[in-house]
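Subject: Structure handover, side-chain contacts

Hello,

Here is the structure for you to look over. Please open it alongside this note. My findings follow below.

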Amino acid sequence: MNDRLAILHIGVTKTGTSSIQSWLAGNRAPLAAAGIHLPETLGRQNHERLARIVDGTALPVVAERFAAEMAALPATARTLLFTSEAFGSQLTRVDQVAPLKALLDRHAGACRVVVYLRRQDEHAVSSFSTAMRAGQTRRTGPLSGRPKDYEALLDAWAAVFGREAIHPRIFGRGELLGGDVVTDFLATAGIPLPPEATPPALERNASLRPEAQGFLARLAEHARASGVVADDFRALPNRARLIAALDARFAGRGLLPARAEAIAFLDRCRAANERVRAAWFPDRATLFAEDFSRYPEVADAPPTLEAMFEVALDTALALLAADAEPRPGRAVRRARAEAPK
């Protein structure tokens with residue numbers, strides 16, 4: 001009987017998944033020395049390819065390489081660790097989750113599923129911020145998306161893996177062990193910190209002010225309309241430099257809806273959230289904290305063209321200055337001219 005344990009971190013999105021994945025990838029060697037194998041054929045950090053193998057959209061070579069990696073595992077690899085928010089966002093029904101369980105059963109005798117839940121309005125606002133950074137312009141506002149249905153997600157995964165295998169956690173201020181999602185994940189997954197591993201560090205995702213969000217959205221639209229990119233704005237070779245320049249100059253609170261809008265958005269989920277609380281978090285008074293003080297009484301106005309233009313000018317100047325060769329000052333030029341030939 002295979003006594004390996006498979007740990008699946010399934011997200012959801014906007015719950016520190018990048019921080020967890022970055023830390024795991026950076027500590028691959030210490031984890032391996034502790035008997036914890038982080039597959040490499042599925043991606044260096046994000047194992048989205050496993051979801052694609054399951055749903056049939058991956059190239060055959062991807063599944064072949066993964067199978068070969070599993071077959072070559074040393075006997076010391078007693079734990080398999082998979083992490084991708086794609087699991088929690090793309091595999092949400094029993095018929096989608098069951099093939100993943102069947103695949104993992106070939107390589108492990110037991111599974112543990114870790115999932116983080118974030119209050120739906122906060123999740124939507126954070127998703128909007130990320131969408132703006134990526135140049136996605138289909139969303140018209142911070143609450144234009146569909147609220148996350150955590151009841152359906154947990155029910156589907158519990159039906160396939162068994163309720164005892166599912167370990168849901170609340171993602172929010174004051175909810176995480178040590179105030180850090182990596183520390184919390186390791187404890188929830190039952191992974192002791194390997195002696196040689198880098199200690200987890202508190203990380204915060206950057207957010208851009210509304211005028212910078214608007215500038216990126218308009219820039220992405222122009223890039224597509226002019227044929228510079230076919231669709232994915234992130235494919236631009238120098239986009240990372242642009243984002244870094246914006247982060248350095250326009251970091252701050254992004255566009256927010258009115259407080260009443262956020263409450264109404266969450267109200268759409270309250271009945272299902274209460275059932276999740278009763279089933280999975282019976283000791284909590286509510287599934288999520290009910291603090292809405294971060295939201296303004298009146299929704300933020302969309303940024304003006306003038307404000308976005310100022311962002312464009314400032315950022316362009318910063319990038320140009322960074323590219324320019326530093327010119328010597330007047331005193332240096334005089335000294336060079338007077339120096340003996």
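Start with Arg249. Its side chain forms a salt bridge with Asp314, and the closest N and O atoms are 3.5 Å apart. Arg249 belongs to helix 11 (residues 239-250) and Asp314 to helix 14 (residues 305-323), so this pair ties together parts that are 65 residues apart in sequence. Arg249 is partly exposed, at 38% relative accessible area. Asp314 is also partly exposed, at 35%. Bear in mind that this is a predicted model.

A second bridge links two loops. Asp300 pairs with Arg253, with 2.6 Å between the closest N and O atoms. Asp300 sits in the loop between helix 13 (270-280) and helix 14, while Arg253 sits in the loop between helix 11 and helix 12 (259-267), so the bridge ties together parts that are 47 residues apart in sequence. Asp300 has a relative accessible area of 21% and counts as partly exposed, because buried would need a value under 20%. Arg253 is partly exposed too, at 47%. Its value does not pass the 50% cut-off, so Arg253 does not count as exposed.

A third bridge joins Asp267 and Arg270, at 2.4 Å from N to O. Asp267 is partly exposed, with a relative accessible area of 41%. For Arg270 the value is 31%, again partly exposed. Elsewhere, Arg119, Asp121 and Glu122 form one network through salt bridges that share partners. How many salt bridges does the structure hold? The count is 18.

Now the rings. There are four aromatic pairs in the structure. One of them is Trp157 with Phe161: the ring centres are 5.4 Å apart and the planes lie at 10°, so the pair is stacked. The cut-off for stacking is an angle under 30 degrees. Where do these two residues lie? Both are in helix 8 (residues 150-161), four residues apart, which is about one turn of the helix. Trp157 and Phe161 are both buried.

Two arginines also sit over rings. Arg163 lies over the face of Trp280, 4.1 Å from the ring centre. Arg294 places its charged end over the ring of Tyr295, at 5.4 Å from the centre.

When you go through the model, I suggest this order: the bridge between Arg249 and Asp314, the stacked pair of Trp157 and Phe161, then Arg163 over Trp280.

Best wishes

Terms used
Residues are numbered from 1 along each chain as its sequence is written. This is a predicted model: local features need pLDDT of at least 70, side-chain atom pairs count only at pLDDT 80 or more; totals for chains, interfaces and linings use all residues. Side-chain values use heavy atoms; hydrogens and water are left out. Rings of Phe, Tyr and Trp (its six-membered ring) pair if their centres lie within 6.5 Å; planes under 30 degrees apart count as stacked, over 60 as edge-to-face and the rest as tilted. Buried means under 20% relative accessible area, exposed over 50%, partly exposed in between (1.4 Å probe, protein chains only). A charge sits over a ring if NZ of Lys or CZ of Arg is within 6 Å of the ring centre and within 35 degrees of the ring normal. A salt bridge is a side-chain nitrogen of Lys or Arg within 4 Å of a carboxyl oxygen of Asp or Glu.
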